[in-house]
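Reader: Could you walk me through this structure? I have not looked at it before.

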Amino acid sequence: MATVQFEGATLTYPGAPAPAVDTLNLEIADGEFLVLVGPSGCGKSTSLRMLAGLEAVTGGSIHIGDRDVTGLPPRARDVAMVFQSYALYPNMTVAENMGFALRNAGMSKADTLIRVKEAAAMLELEDLLERKPAKLSGGQRQRVAMGRAIVRRPQVFCMDEPLSNLDAKLRVSTRSQIAALQKRLGTTTVYVTHDQVEAMTMGHRVAVLRDGRLQQIAAPRELYDDPVNTFVAGFIGSPGMNLLTAPVEDGHAVLNSLRIPVPRTMTGKRVIVGIRPESWEVTTDATNALAVEVELLEELGAESFLYSHGVTGQWSSRSGRVVARVDRRFQVALGDRLLLTPKPDELFFFDAETELRIR
């Protein structure tokens, strides 16, 4: 086990107009489970490949423990990689797939078998050791890929979207298994995903990337409760935060009949008001409420989400809609007009120009 440190790590591909990863500064504690999350093309997988030695760093450095591994080949870094694809050898059994790297490194057959059986017990694969990949389900194949990494006992696990090929239900169960396994092993783990729900439920901390730059790194709850800018606010949460741009008049953001006091530090003529879906309340009082028309209803069992658009006004929504969470017993039909009011202590404000949080 070891710490991992990115110090201004940069990767610029030849001929590219901008770096794929731009001066990444990131410190990962010994035994920590860190998740890199962001949209496609944000640099998260590239950062992971830089750590594993599969991509050459063009600026800055990367340290594992007390070693500068920036120029070292992958085999010298003591890092085990789990890819999106299982990449199992079809002609080998589960046991042979899991122990292949050890046998290739010269470990005896007896010692390899001991490690394979230990990993198989952790992953509940003991009854499958003599099967070949074609006889396994997708979840079982992914566990074999995990076992292949575990038997190496590396200093760092690198996982690049390992659950993306699984169906939704299996993803939920497998991610809990991975989190529990990491806690048991205590191995420093860097995990990449584009799924913010996966990131929020698995990581000790989550690092949000955008266009190759680190936006914020924090514990999942802190990211949700205290986003530093509109990108983090809109990306973290499902559905994302409502980001409503509105004019400021007499110290209030104006959204139709709804007037919201803005922070005293607010100086611009426009402000972005952030409101989580669960922070709306349906009201019958039109004196200080936002009038919307329902255009989509998502029934999720215990709760429902209303997607609506504003009836009139000069304000605008980033998503083009306003999303509100309501109790499943709330009766509403498409085309209905509702009045929404936000909970005053659950509002966020962002500068309309810089998109940074206003405190």
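**The largest pocket and beyond**

Author: This is a predicted model, and a good place to begin is the largest pocket, which has a lining of 17 residues, with V79, A80, M81, A101 and R152 lying nearest its centre.

Reader: Which elements give two or more residues to that lining?

Author: Those elements are β6 (79-82), α2 (94-104) and α4 (138-150).

Reader: And how much space lies in the largest pocket, and how do its lining residues divide into nonpolar, polar and charged?

Author: The space in the largest pocket comes to about 520 Å³, and its lining holds 14 nonpolar residues and three charged ones, with no polar residues.

Reader: Changing topic, what are the buried residues of α5?

Author: In helix α5, which covers residues 168-185, the buried residues are T174, R175, I178, L181 and Q182. They lie on the same side of α5 because the arc they cover around the axis is only 130 degrees.

Reader: Which exposed residues does the face turned away from that buried side carry?

Author: That face of α5 carries K169, K183 and R184, which are exposed.

Reader: Now the strands: which sense does the pairing of β16 and β20 have, and over how many bridges?

Author: Strand β16 (residues 290-299) pairs with strand β20 (residues 337-342) in the antiparallel sense, over four bridges, and A291 has L339 in β20 as its bridge partner.

Reader: How many bridges join β16 to β17?

Author: Seven bridges join these antiparallel strands, and V292 stands opposite G310 in β17. β16 and β17 form a hairpin with three residues between them, and in the turn G301 has a positive phi of about 90 degrees.

Terms used. Residues numbered from 1 in each chain as written. Predicted model: local features only at pLDDT ≥ 70, side-chain atom pairs only at ≥ 80, totals over all residues. Heavy atoms only, no water. Pairing = 2+ DSSP bridges. 1 Å grid on protein atoms, 1.4 Å probe; cavity = no way out; pocket = protein on both sides within 12 Å on 5 of 7 lines; lining within 4 Å. Points joined across faces, edges and corners; volume = space filled by probe spheres on them. Nonpolar A, V, L, I, M, F, W, Y, C, P; charged D, E, K, R; others polar. Expected span 1.5 Å × (residues − 1). Buried < 20%, exposed > 50% of the residue type's maximum accessible area, 1.4 Å probe, protein only. Arc of directions from axis to C-beta.
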